[in-house]
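Please read the following walk-through with the sequence and the coordinates side by side. The account begins with a single side chain and works outward from there.

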Amino acid sequence: AGEIDITKTRWSEKPTALVPMILSNIKNLEPHAGNRKFEQGRQEALKKEQELLDRLRQLPDGEQKAKETKKMIDLIRNFSGYREYPKYGIISRYFVYKQTLLKEAERLVQANVLHKKEDIYYLTFEELREVVRTNKLDDQIISNRKDEYKFYEKLTPSRVITSDGEIIAGKYKRENLPDEALVGLAVSSGIIEGRARVILNMEDADLEDGDILVTSFTDPSWTPLFVSIKGLVTEVGGLMTHGAVIAREYGLPAVVGVENATKLIKDGQRIRVNGTEGYVEIF
């Protein structure tokens with residue numbers, strides 16, 4: 001995920017990245033809208049819980065089943081958030097490592113060994129140790145790896161690659177879909193129609209209330225954008241990937257795994273996302 005990649009710029013390093021989101025929220029949301037939305041979600045969850053328990057009570061030995069289910073619901077509500085703590089600790093330490101490495105890179109820049117401190121990202125850790133020890137570096141290594149990175153960045157990875165390197169290809173098997181519909185995985189139910197905003201970098205986000213986010217994938221840094229959107233389409237993902245989970249939490253229709261979505265859907269086009277059946281229509 002993006003937050004684990006130390007080469008990615010963090011908000012603390014570039015706070016201006018938050019400005020478009022803050023302005024978008026000011027424009028699209030009333031004061032205290034977050035509290036109201038949270039309370040709305042809480043009430044909906046309690047209603048669904050009660051519906052489930054009522055259905056269980058209709059079954060044989062229903063009272064016992066309802067009691068056990070209620071206990072599990074409470075446990076999950078109280079403790080599921082703690083699963084983020086270990087990852088938070090890892091990510092926090094990674095930032096300390098990054099700052100330390102960049103501090104050493106800054107020294108190498110001052111010694112005219114590196115042109116830019118970010119060049120260390122193109123070295124292996126063993127190579128960096130040798131550069132620090134000798135204060136010598138073949139500039140061609142950095143140049144070649146930058147070229148390789150640009151080349152690989154343009155490639156589209158296969159959707160499924162086994163641990164043995166086998167590429168598994170296939171198509172969605174669906175029937176009775178609208179003509180020209182883009183097929184994907186239904187991960188958050190509901191149907192929504194609106195303006196598509198094709199966004200590849202979070203810093204470029206300029207959303208209005210009711211927009212549908214179309215992107216390659218999302219990670220936790222994208223979560224603030226979910227406040228303004230009404231639907232989600234991604235090229236990569238599954239039932240338990242970040243975008244799918246957050247879409248369900250926010251009650252947003254979502255379809256993931258839509259191949260070439262950011263190329264087939266143009267920014268500003270009107271689209272309909274069917275998060276129940278798993279397809280997207282372009283108008």
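In this predicted model, a polar atom in the side chain of Thr 215 lies 2.6 Å from the backbone oxygen of Ile 199. Thr 215 belongs to strand S6, which covers residues 212-215, and its relative accessible area is 1%, so the residue counts as buried, the cut-off for that class being under 20%. Once neighbours within four places in sequence are set aside, the residues in contact with Thr 215 are Ile 199, Leu 200, Trp 222, Val 233, Thr 234, Glu 235 and Thr 262. Ile 199 therefore appears in two ways, as the residue whose backbone oxygen lies 2.6 Å from the Thr 215 side chain and as a member of that list of contacts, for which heavy atoms must come within 4.5 Å.

From this strand one may turn to helix H7, which runs over residues 242-250 and includes His 242. Is His 242 buried or exposed? With a relative accessibility of 19%, His 242 counts as buried, because the class takes in values under 20%. Leaving out residues up to four places away in sequence, His 242 touches Thr 218, Asp 219, Pro 220, Thr 223 and Phe 226. The buried residues of H7 are His 242 together with Gly 243, Ala 244, Ile 246 and Ala 247, and against these buried residues pack three strands, namely S4 (185-188), S7 (231-234) and S8 (254-256). After H7 comes Gly 251, whose phi is positive, near 70 degrees.

Positive phi values also occur in residues other than glycine, and Asn 176 is one of them, with phi near 60 degrees. Asn 176 sits in the loop that connects strand S2 (167-168) with strand S3 (182-183). Glu 180 has its place in the loop between S2 and S3, and its phi, near 65 degrees, is likewise positive in a residue other than glycine. Where do the side chains of this loop stand with respect to solvent-accessible area? Asn 176 has a relative accessible area of 79% and is therefore exposed, a class that requires over 50%, and Glu 180 is exposed as well, with a relative accessible area of 72%.

Two helix residues give further examples of exposure. Arg 133, which is found in helix H5 (residues 125-134), counts as exposed at a relative accessibility of 61%, and its side chain is joined to the side chain of Glu 130 by a polar contact of 2.6 Å. Between Arg 133 and Pro 15 the C-alpha to C-alpha distance is 34 Å, for a separation of 118 residues in sequence. Tyr 88 is part of helix H4 (residues 84-110) and, at 60% relative accessibility, counts as exposed. Tyr 88 and Ile 73 are 15 residues apart along the chain, and their C-alpha atoms are separated by 24 Å.

Empty space inside the model is the next topic. Rolling a probe the size of a water molecule over the atoms shows where such space is left. How many cavities of 30 Å³ or more does a search of the whole structure find? The search finds one, and the largest cavity holds about 30 Å³ of space. Its lining is formed by Met 21, Ser 24, Asn 25, Leu 207, Pro 224, Leu 225 and Ser 228. By residue type, this lining divides into four nonpolar and three polar residues, with no charged residue among them.

These local views can be placed within the whole protein, which has eight helices and ten strands. The domain assignment gives domain 1 as residues 33-81, domain 2 as 85-153 and domain 3 as 182-282. Taken over C-alpha atoms, the centres of domain 1 and domain 3 are separated by 27 Å, while the C-alpha trace of the protein spans about 75 × 50 × 45 Å along its principal axes. Of the 283 residues in the protein, 29% are buried. Among contacts between residues at least 6 apart in sequence, 49% join residues that are at least 24 apart.

How values were computed. Residues are numbered from 1 along each chain as its sequence is written. This is a predicted model: local features need pLDDT of at least 70, side-chain atom pairs count only at pLDDT 80 or more; totals for chains, interfaces and linings use all residues. Side-chain values use heavy atoms; hydrogens and water are left out. Helices (H or I, at least four residues) and strands (E, at least two) are DSSP runs, numbered from the N terminus. Buried means under 20% relative accessible area, exposed over 50%, partly exposed in between (1.4 Å probe, protein chains only). A polar contact is a pair of N or O atoms within 3.5 Å; within protein, one must be able to donate a hydrogen and the other to accept it, and residues adjacent in sequence count only if both atoms are side-chain atoms. Domain bounds come from an automatic or database domain assignment. On a 1 Å grid over the protein atoms alone, a cavity is a set of points where a 1.4 Å probe fits but cannot get out, and a pocket is an open set with protein on both sides within 12 Å along at least five of seven lines; lining residues have an atom within 4 Å of a point. Grid points are joined across faces, edges and corners, and a volume is the space filled by probe spheres set on the points. Ala, Val, Leu, Ile, Met, Phe, Trp, Tyr, Cys and Pro count as nonpolar, Asp, Glu, Lys and Arg as charged, and the others, Gly among them, as polar.
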